[in-house]
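Q: I have a sequence and a model on my screen. Can you show me how to read them, feature by feature?

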Amino acid sequence: MSAPACRLELVAITKRFGALVANQNINLQIRPGEIHAILGENGAGKSTLMKIIYGALAADSGEIRWNGQTVHISHPRIARKLGIAMVFQHFSLFESLTVLENIALALPGRKADSSLAQEIQQTAQDYGLELDTQRPVYSLSVGERQRVEIIRALLTQPQLLILDEPTAVLSPAAAQSLFASLRKIAAKGCSILLISHKL
């Protein structure tokens, strides 16, 4: 039985900021359901590479292939349309709004109603990311805020989920819980790229 085709393939990706070379001739392949860790010390170019995949930065040279087709991802909106979601290290949540309201804001055409609340609860239950949709964000722990971001990304039904330093703000127990959730997400066929500066 042959291996599944690549979901994402990077070919010779290079990115410079003036004289600084952030990424040089980077090649990467990730298949459906795989979890890959992108490891390196701070300043190694990990986040730069992920922002290129997500369309927040443009590579100076190289090629991105998505499900076997060469693509030009010039904006995060294009990445999201392809099925690429990213959870950034610094959360973008409104403190005074509830979990439900924050998630609704990120989903075009969706309202903060009982239908969405039910969908959030089902997704949370499926992946072990328990959340109370009515709680205001200011009352959440760092780990709970991260769950909001992950569930918000999952509701877009991504084929690739990128997480930027997801364990940096978590306790060891919370990190283990996150890894268990990520394995469940990958088991459904979603590819995952996880950035970290620590083993």
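The dialogue below goes from the overall fold to ring pairs, salt bridges, pockets and backbone angles.

Q: What kind of model is this?
A: The model is predicted. Every value below is computed from it.

Q: Where do I start? How many helices and strands does the protein have?
A: Start with the element count. The protein has six helices and eight strands. Then read their order. From the N terminus on, the elements run β-β-β-α-β-β-α-β-α-α-α-β-α-β.

Q: How does the radius of gyration of the protein relate to the globule rule?
A: Set the computed value beside the rule. The radius of gyration is 17 Å, and the globule rule gives 16 Å for 199 residues. The two are close, so the protein is as compact as a globular protein of that length. For the extent along the principal axes, take the C-alpha trace, which spans about 45 × 40 × 30 Å.

Q: What percentage of the residues is buried?
A: Buried residues make up 43% of the 199 residues. The cut-off to keep in mind is under 20% relative accessible area for buried, and over 50% for exposed. We will use it residue by residue.

Q: How do I read a pair of aromatic rings?
A: Two values describe such a pair: the distance of the centres and the angle of the planes. In this structure the count comes to one aromatic pair. The rings belong to Tyr 54 and Phe 88. Their centres are 5.9 Å apart. Their planes stand at 70 degrees, so the pair is edge-to-face.

Q: Which parts of the chain does the pair tie together?
A: Tyr 54 lies in helix 1, residues 46-54. Phe 88 is in the loop between strand 6 (84-87) and helix 3 (99-105). The pair therefore ties together parts that are 34 residues apart in sequence.

Q: Is Tyr 54 buried or exposed?
A: Tyr 54 is buried, with a relative accessible area of 8%. Its partner Phe 88 counts as partly exposed, at 31%.

Q: Next, the charges. How many salt bridges does the structure hold?
A: Seven. Read each one by its closest N and O atoms. Arg 65 and Glu 9 form one of them, with those atoms 3.5 Å apart. Now check the sequence positions. This pair links distant parts of the chain: Arg 65 is in strand 4 (residues 61-66), Glu 9 is in strand 1 (residues 8-17), and they are 56 residues apart.

Q: Which residue forms another salt bridge with Arg 65?
A: Glu 63 does, with the closest N and O atoms 3.1 Å apart. Look at exposure as well. Glu 63 is partly exposed, with a relative accessible area of 24%. Shared partners join Glu 9, Glu 63 and Arg 65 into one network. Arg 65 counts as partly exposed at 27%. Glu 9 counts as buried at 18%.

Q: Which side chains meet in a salt bridge at 3.2 Å, N to O?
A: Those of Arg 135 and Glu 144. Arg 135 is partly exposed, at 26% relative accessibility.

Q: What is the volume of the largest pocket, and which residues lie nearest its centre?
A: Read a pocket by volume, then by lining. The largest pocket has a volume of about 440 Å³. Its lining has 19 residues, and nearest the centre lie Tyr 54, Arg 80, Ala 106, Arg 152 and Thr 156. Strand 6 and helix 5 (142-154) are the elements that give two or more residues to this lining. By class, eleven lining residues are nonpolar, three polar and five charged.

Q: Which helix gives the most to the lining of the second largest pocket?
A: Helix 4 (residues 114-127), with five residues. This pocket holds about 240 Å³. It is lined by 13 residues, with Thr 123, Tyr 127, Leu 154, Gln 157 and Pro 158 nearest its centre. The classes here are six nonpolar, four polar and three charged.

Q: Last topic: backbone angles. What is phi of Gln 157?
A: Phi of Gln 157 is near 55 degrees, a positive value in a residue other than glycine. Then find its place. Gln 157 lies in the loop between helix 5 and strand 7 (160-164). Gln 157 counts as exposed, at 67% relative accessibility.

Q: Where is Asn 67?
A: Asn 67 is in the loop between strand 4 and strand 5 (69-71). Phi of Asn 67 is also positive, near 50 degrees. Asn 67 counts as partly exposed, at 36%.

Methods:
Residues are numbered from 1 along each chain as its sequence is written. This is a predicted model: local features need pLDDT of at least 70, side-chain atom pairs count only at pLDDT 80 or more; totals for chains, interfaces and linings use all residues. Side-chain values use heavy atoms; hydrogens and water are left out. Rings of Phe, Tyr and Trp (its six-membered ring) pair if their centres lie within 6.5 Å; planes under 30 degrees apart count as stacked, over 60 as edge-to-face and the rest as tilted. Helices (H or I, at least four residues) and strands (E, at least two) are DSSP runs, numbered from the N terminus. Buried means under 20% relative accessible area, exposed over 50%, partly exposed in between (1.4 Å probe, protein chains only). A salt bridge is a side-chain nitrogen of Lys or Arg within 4 Å of a carboxyl oxygen of Asp or Glu. On a 1 Å grid over the protein atoms alone, a cavity is a set of points where a 1.4 Å probe fits but cannot get out, and a pocket is an open set with protein on both sides within 12 Å along at least five of seven lines; lining residues have an atom within 4 Å of a point. Grid points are joined across faces, edges and corners, and a volume is the space filled by probe spheres set on the points. Ala, Val, Leu, Ile, Met, Phe, Trp, Tyr, Cys and Pro count as nonpolar, Asp, Glu, Lys and Arg as charged, and the others, Gly among them, as polar. The radius of gyration is taken over C-alpha atoms; the globule rule is 2.2 Å times the number of residues to the power 0.38.
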